[in-house]
Every structure is written in C-alpha cells, then in structure tokens.
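Let's take a friendly walk through this protein, one part at a time. Keep the picture open beside the text as you read.

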Amino acid sequence: RALSADEQQLWLSTALSQPRWHVIYWYSVLAFETSMSTNELRNLRIGDINLAQRVVSISAQGAKNRYRQRTIPLVTNEVLWCVEQLIKRAGDLGSTSSPHYLFPFCRHRTGYDPTRPMSETGLRKHWLEIREICGFDGKNGRPAFRPYYTRHTAITNWAESGIIAP
C-alpha cells in the first residue's frame, strides 16, 4: 500500500502540475515526511503548528489513542514550506486564529467553517483526479492509493532508510 520512490515522485509532480491540486501536494508532503494519519491531519489546528520551533503537536482530539499524542518535527525545508502554504490557504478560507482548523470544513454553498475540521471526503475530488492520472486507481492489480496510504508510505520510507526498525 506504500508508494515506491518513483511512484511518490510521480504523485508529487502530478499534484504540482495544476494549481487546483497544490493542496494535495502540500498534504502529501506533510504526510510523507511526518507519518501523520488522515484524522491527525484533518484535526490539525493552526495553534498546533509552531513554525519557529519547526514542530507540529498532535492533540488528544486528533490522536488515535493516548500514545499517539506527540510532537512531530518538521525536518526538511520542503515540509516546512508546505505547512506555510497550508497555513496561507487556511487563512484564505477563514482559519485565522489558533483554534481554527488547518483544513476547515467546506459548506458547499456558503463557504468554509474554520471551527469544524474538513470532512473525510474533503480532498476526494482532487485526490481521485490525481490518482487516475498516475494510474494508482486500483486498475493495475494493486490497491487504489488512498489518503491513509501516505502514512504507510512514510513509515516504509523510514524503515527502508533505517530510521525505524522494520
């Protein structure tokens, strides 16, 4: 379920190819580099991000269990830049204060609600477009690439590089 290095490159370059897909690029880089799950990302608030210290804190609300409450370093300049872009996007959508969500809830006809996290299908349309273009849609005999698999990809990358034990 994890993407290979070549598949990651294809995914990211495709996501960068259209401005409407940039949020998928930023989301994917953040997930690939931090191993945050989809729920952790959806529940991330502006106040959980400390750019000066280059860390993101996963609160009890976003954590799967009490052991997954943690502080995650933003190691590379690329992931830091992606977080900055996501904060800018969130601000453009109305998330302007600490308790507001980095991925605010979309009310289809009336805009965004920064006090609610994005739904589980909040990135679906663009995700599916990119997935089909990349050929990761499950038609080639392997599972379709889902947002949660960004976490699998991160953990696989870490295991292959010796950061964590396989």
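In this predicted model, three strands form an open sheet in the order S1-S2-S3, and their pairing is antiparallel. The edges are held by strand S1 (49–50) and strand S3 (70–73). Each of these two has a single partner strand, so one side of each is left without a neighbour in the sheet. Strand S2 (residues 55–58) pairs with S3 in the antiparallel sense, and four bridges connect them. If you want to find one such bridge yourself, look for Val55, whose partner in S3 is Pro73.

Another pair of strands comes later in the chain. S4 and strand S5 (residues 111–117) also run antiparallel, over four bridges. What joins S4 to S5? The link is a hairpin that passes through three residues. Across this pair, Phe105 stands opposite Asp113 in S5, while Arg107 stands opposite Gly111 in S5. Phe105 has a further partner: Arg116 lies over the face of its ring, at 3.7 Å from the ring centre.

**Rings that meet**

A pair of aromatic rings is described by the distance of the centres and the angle of the planes. The model holds nine aromatic pairs. Two of them are set out here.

| Pair | Centre to centre | Angle between planes | Arrangement |
|---|---|---|---|
| Trp26 and Trp81 | 6.4 Å | 80° | edge-to-face |
| Tyr27 and Phe103 | 5.7 Å | 75° | edge-to-face |

Trp26 belongs to helix H2 and Trp81 to helix H4 (residues 77–92), so this pair ties together parts that are 55 residues apart in sequence. Is Trp26 buried or exposed? Trp26 counts as buried, at 11% relative accessibility. Its partner Trp81 is partly exposed, with a relative accessible area of 37%.

The pair of Tyr27 and Phe103 also bridges a stretch of sequence. Tyr27 lies in helix H2 and Phe103 in the loop between H4 and strand S4 (104–107), so the pair ties together parts that are 76 residues apart in sequence. Tyr27 and Phe103 are both buried. They are also members of a cluster linked by ring pairs, together with Trp11, Trp127, Phe136, Phe145 and Tyr149.

**Helix H5 and its two faces**

One member of that cluster, Trp127, takes us to helix H5. In H5 (residues 124–134), the buried residues are Trp127, Ile130, Arg131 and Cys134. Why do they lie on the same side of H5? They cover an arc of only 100° around the axis, which puts them on the same side of the helix. The face turned away from this buried side carries Lys125, Glu132 and Ile133, which are exposed.

Which helices do the buried residues of H5 pack against? They pack against helix H1 (5–16), helix H2 (22–34) and helix H6 (149–161). Just after H5 comes Gly135, which takes a positive phi of about 80°.

For a view from helix H1, pick out Thr14, which lies in that helix. Thr14 counts as buried, at 9% relative accessibility. Leaving aside residues up to four places away in sequence, Thr14 touches Trp21, Ile130, Ile133 and Cys134.

**A look at the cysteines**

How many disulfides does the model contain? The count comes to zero. Take Cys82 as an example: the nearest cysteine sulfur, that of Cys134, is 16 Å away, and Cys82 is in no disulfide. A disulfide would need the two sulfur atoms within 2.5 Å. Cys82 is buried, with a relative accessible area of 0%, whereas Cys106 counts as partly exposed at 29% relative accessibility.

Methods:
Residues numbered from 1 in each chain as written. Predicted model: local features only at pLDDT ≥ 70, side-chain atom pairs only at ≥ 80, totals over all residues. Heavy atoms only, no water. Buried < 20%, exposed > 50% of the residue type's maximum accessible area, 1.4 Å probe, protein only. Arc of directions from axis to C-beta. Contact = heavy atoms within 4.5 Å. Phe/Tyr/Trp six-rings, centres within 6.5 Å; stacked < 30°, edge-to-face > 60°. Lys NZ or Arg CZ within 6 Å of the ring centre and 35° of its normal. Pairing = 2+ DSSP bridges.
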